[in-house]
Amino acid sequence: STIFPYHVSARTPNSEFFKIPKEEVWLIMENYLYLTKTAFNLRIHSFVLMSNHFHLLVSTPEANISASMNYFMGENSREMNRSSGRQNQNWGQRHHKTLITSYHYYMNAYKYIYRNPVRAGLSENVQSYRYSTLAGLLGYTQQIIPIENDMILFEPNFSTNNLQWLNTPS
């Protein structure tokens with residue numbers, strides 16, 4: 001869709017952890033998100049890497065979600081295989097995508113993505129998880145993932161403290 005964003009995710013086979021350290025997977029993902037954004041004109045709104053999957057909130061002005069995700073997943077899989085010495089697939093199946101067609105749905109997806117590490121017990125709060133574009137947006141880490149202007153996190157008229165909202169279970 002050229003108007004609505006997608007929530008995209010993909011998981012490893014059998015939900016196994018990545019075969020290389022998460023830090024290394026993050027660096028590979030960063031590089032290929034940068035290249036995919038550039039090559040396919042994506043608008044990346046958020047990205048979180050978990051131990052066996054990722055979540056991505058993305059818009060595709062050129063209606064090329066399938067081509068862009070095939071490139072992204074294929075290239076990062078090849079790079080992870082080079083790094084680990086493996087030859088097997090890194091993704092259990094094709095990416096899963098959901099078209100987000102309302103503001104309410106977008107807000108729920110946004111919060112779900114950034115809260116995922118907290119729900120999984122990987123961090124105490126959303127801002128302390130380093131494998132997330134949120135950490136870069138807040139200046140806690142450097143990242144090369146080209147994120148769109150975040151009008152939720154930095155909205156001055158938002159009804160509550162934005163980080164408090166993200167850290168509050170739904």
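Me: Relative accessible area under 20% means buried, over 50% exposed, and anything in between partly exposed, using a 1.4 Å probe and protein chains only. Why does M151 count as exposed?

Reply: Its relative accessibility is 58%, and exposed starts over 50%, so M151 is exposed. M151 sits in the loop between α4 (133-137) and α5. Its C-alpha atom is 9.7 Å from that of H45, 106 residues apart along the chain. Please keep in mind that this is a predicted model, where local features need pLDDT of at least 70 and side-chain atom pairs count only at pLDDT 80 or more, while totals for chains, interfaces and linings use all residues. Numbering starts from 1 along each chain as its sequence is written, and side-chain values use heavy atoms, leaving out hydrogens and water.

Me: How do you know that S68 is buried?

Reply: S68 has a relative accessible area of 0%, which is under 20%, so it is buried. This serine belongs to helix α2, and helices here are DSSP runs of H or I with at least four residues, strands runs of E with at least two, numbered from the N terminus. Beyond its neighbours within four places in sequence, S68 is in contact (heavy atoms within 4.5 Å) with T36, F40 and L42.

Me: And what makes H53 count as buried?

Reply: Its value is 9%, again under 20%, so buried is the right word. H53 lies in strand β3 and, neighbours within four places in sequence aside, is in contact with A10, R11, F18, V48 and N116.

Me: Why are S15 and N41 called partly exposed?

Reply: S15 has 36% relative accessibility and N41 has 31%; partly exposed covers what lies between buried and exposed, so both qualify. S15 is in the loop between β1 and α1, N41 in the loop between α1 and β2. S15 has a positive phi near 55 degrees without being glycine, and N41, also not a glycine, has a positive phi of about 55 degrees.

Me: Why is the pair Y106 and Y110 called stacked?

Reply: Rings of Phe, Tyr and Trp (its six-membered ring) pair if their centres lie within 6.5 Å; planes under 30 degrees apart are stacked, over 60 edge-to-face, the rest tilted. The centres of Y106 and Y110 are 6.4 Å apart and their planes are at 25 degrees, so the rings pair and are stacked. Being four residues apart in helix α3, these tyrosines are separated by about one helical turn, and Y106 and Y110 are buried. The structure holds 11 aromatic pairs, and ring pairs link F18, W26, F47, F54, F72, W91, Y129 and Y131 into a cluster.

Me: What makes a set of residues a nonpolar core, and how many residues does the largest have?

Reply: Its members are buried Ala, Val, Leu, Ile, Met, Phe, Trp, Tyr and Cys residues joined through side-chain atoms within 4.5 Å. The largest has 46 residues, with M29, F47, L49, F54, L56, F72 and Y110 making the most contacts inside it. Elements supplying at least two residues each include α1, α2 and α3 (103-119). Leaving aside neighbours within four places in sequence, the contacts of L56 include Y6, V8, L33, F47 and I113.
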